[in-house]
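Student: I would like to learn how to read the features of a protein model. Please take them one at a time, with the general idea before the case.

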Amino acid sequence: MMAGNVMKGLFCSLFDYKTEKYIVAKNKRVGVLYRLIQLSIIGYLIGWVFVSKKGYQETDEAIQSSVITKLKGTSMTNTTESGLLVWGPEDYVIPPQGEAVFFVVTNFLETPNQKLGYCAESPKVLDGHCQNDNDCEDGKMVVAGHGVESGRCLREDENSNGTCEIFGWCPIERRFKPQGPLLTSAENFTVYIKNFIQFPKFKFVKSNVLETSKESYLKKCRYDEKLNPYCPIFRLGDITRRAGHNFQDMATFGGSIGIMIQWDCDLDKGYSSCHPQYHFTRLDVNVSNESIAMGFNFRHTRYFKNAAGVSYRSLFKVYGIRFNIMVHGKAGKFSIIPTAINVGSGLALMGAGAFVCDMVLLYIMKKGTAYRERKFEGCRNSKPASKDNGVEDRKGAMDQETMTPVD
């Protein structure tokens with residue numbers, strides 16, 4: 001019988017509703033603190049989470065991008081080694097396939113008409129120094145040199161140091177620093193940067209080129225952030241200027257420029273509000289500004305044969321500007337899931353504010369003991385009431401429930 005009553009009581013308690021007991025503390029300082037915390041949380045939720053960070057949106061940062069480049073412009077050089085030359089995009093753009101990373105020649109040093117044969121190693125190559133033939137091992141590759149040692153030490157006289165004779169492309173490369181850029185008109189070259197982007201989560205596709213049927217538009221326009229934001233044709237001199245450097249200063253020894261295309265798209269505002277933003281920076285400048293780390297150059301050759309069929313080559317050490325096009329972006333669109341999560345987080349912060357005020361009220365204020373006595377109630381297990389005094393116990397309990405605490 002007893003077990004049945006216990007089970008019945010537990011079953012009935014499943015349908016009980018329990019509510020919290022609140023105590024109103026007439027304390028202005030704690031009340032002001034509580035309202036300030038509430039206002040701060042509401043301001044953070046509205047101003048930062050929803051307005052600034054758009055916490056009501058679902059985002060996609062997995063941008064898919066394709067970049068195609070095309071350069072135009074001509075320049076002319078006249079050197080002792082090459083004579084009069086006209087340079088077109090097929091000459092000064094490396095590689096010529098129109099990739100996101102390309103190099104534009106602005107200066108060069110040429111060592112013309114090299115052919116395979118025997119000649120002295122350069123005195124600037126340390127591994128090629130010698131005092132006699134024993135220092136030059138036949139068939140040994142010269143470290144950081146230009147060929148294979150023949151076993152002979154070439155010296156002007158017996159009292160001087162010499163260099164090993166090598167078998168390689170002779171005469172060896174000319175070693176001197178350029179005095180100024182040769183392709184002086186390179187800053188007027190233009191580059192056409194065609195960029196296609198896609199956000200797969202939202203199936204959103206767009207290009208940085210104006211959607212128009214006028215074929216003459218791209219032939220005449222130039223990029224302007226306000227007037228022509230969808231004309232992706234840039235003058236090279238303007239790119240370096242936007243990066244904070246002078247083109248002619250960079251053209252002598254070369255350099256590296258980064259072109260960042262940023263797509264921040266709020267798809268709730270529509271297709272037309274998603275615009276590309278361009279940023280330019282120089283990449284080969286370090287913190288210590290050491291000039292030895294700046295610049296960009298490499299070597300390449302052009303081969304040919306004379307009438308007798310003998311192979312020759314011209315060695316070019318080219319200086320220029322390397323352009324790196326990098327595309328970043330994200331898209332956002334309203335979604336109920338992040339909205340609900342951020343609203344729930346804000347409500348949870350409200351509870352944290354109440355907890356802070358409770359700690360101040362109960363443990364920091366001078367009257368904290370009195371507040372704790374009102375907030376926390378203790379009870380003890382009492383013995384079952386006897387049949388004789390059951391009525392009196394129930395009456396006493398009723399009186400206790402109706403008591404009002406006196407301040």
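Tutor: We go through confidence, strand pairing, one residue, the core and the aromatic pairs.

Student: What should I know about the numbering and the model before starting?
Tutor: This is a predicted model, in which local features need pLDDT of at least 70, side-chain atom pairs count only at pLDDT 80 or more, and totals for chains, interfaces and linings use all residues. Residues are numbered from 1 along each chain as its sequence is written, and side-chain values use heavy atoms, with hydrogens and water left out.

Student: What is the mean pLDDT of the protein?
Tutor: pLDDT is the predictor's confidence in each residue, from 0 to 100. The mean for the protein is 86, and 89% of its residues reach 70 or more. Helices (H or I, at least four residues) and strands (E, at least two) are DSSP runs, numbered from the N terminus. Among these elements, strand β10 (residues 190-199) has the highest mean pLDDT, 96, and helix α9 (residues 390-401) the lowest, 46. Over residues 394-407 the pLDDT is below 50, and beyond near neighbours in sequence this stretch has three contacts in the model (contact means heavy atoms within 4.5 Å).

Student: Which strands pair with β9?
Tutor: Two strands pair if DSSP finds at least two bridges between them. β9 runs antiparallel to β6 over six bridges, to strand β8 (residues 147-154) over five, and to strand β7 (residues 129-130) over two. Individual partners include L116 with W169 in β9 and C153 with C164 in β9.

Student: Is T163 buried or exposed?
Tutor: Buried means under 20% relative accessible area, exposed over 50%, and partly exposed in between (1.4 Å probe, protein chains only). T163 has 10% relative accessibility, so this residue counts as buried. T163 lies in strand β9 (residues 162-170), where seven of the nine residues are buried. H129 stands opposite T163. The side chain of T163 reaches the backbone oxygen of E121 at 3.1 Å. Not counting residues up to four places away in sequence, T163 touches ten listed neighbours, among them A120, C130, R152 and L154.

Student: How is a nonpolar core read, and which residues touch the most other members here?
Tutor: In soluble globular proteins, nonpolar side chains tend to be buried together. A nonpolar core is a set of buried Ala, Val, Leu, Ile, Met, Phe, Trp, Tyr and Cys residues joined through side-chain atoms within 4.5 Å. The largest one here has 44 residues, and Y92, L236, I239 and F323 touch the most other members. β16 (311-334) is one of the elements that supply at least two residues, and its seven residues are the largest share. I239 touches F323, and also V191, F234, I257, I259 and F280, not counting residues up to four places away in sequence.

Student: How many aromatic pairs are there?
Tutor: A pair of aromatic rings is described by the distance of the centres and the angle of the planes. Rings of Phe, Tyr and Trp (its six-membered ring) pair if their centres lie within 6.5 Å; planes under 30 degrees apart count as stacked, over 60 as edge-to-face and the rest as tilted. The count comes to 19. Y56 and F334 form a tilted pair, 6.5 Å centre to centre with 35 degrees between the planes.

Student: Why does the pair of F102 and F323 count as stacked?
Tutor: The ring centres of F102 and F323 are 5.2 Å apart and their planes are at 20 degrees, so the pair is stacked. F102 in strand β6 and F323 in strand β16 are 221 residues apart, and both are buried.

Terms used. Polar contact = N/O pair within 3.5 Å; in protein donor to acceptor, adjacent residues only side chain to side chain.
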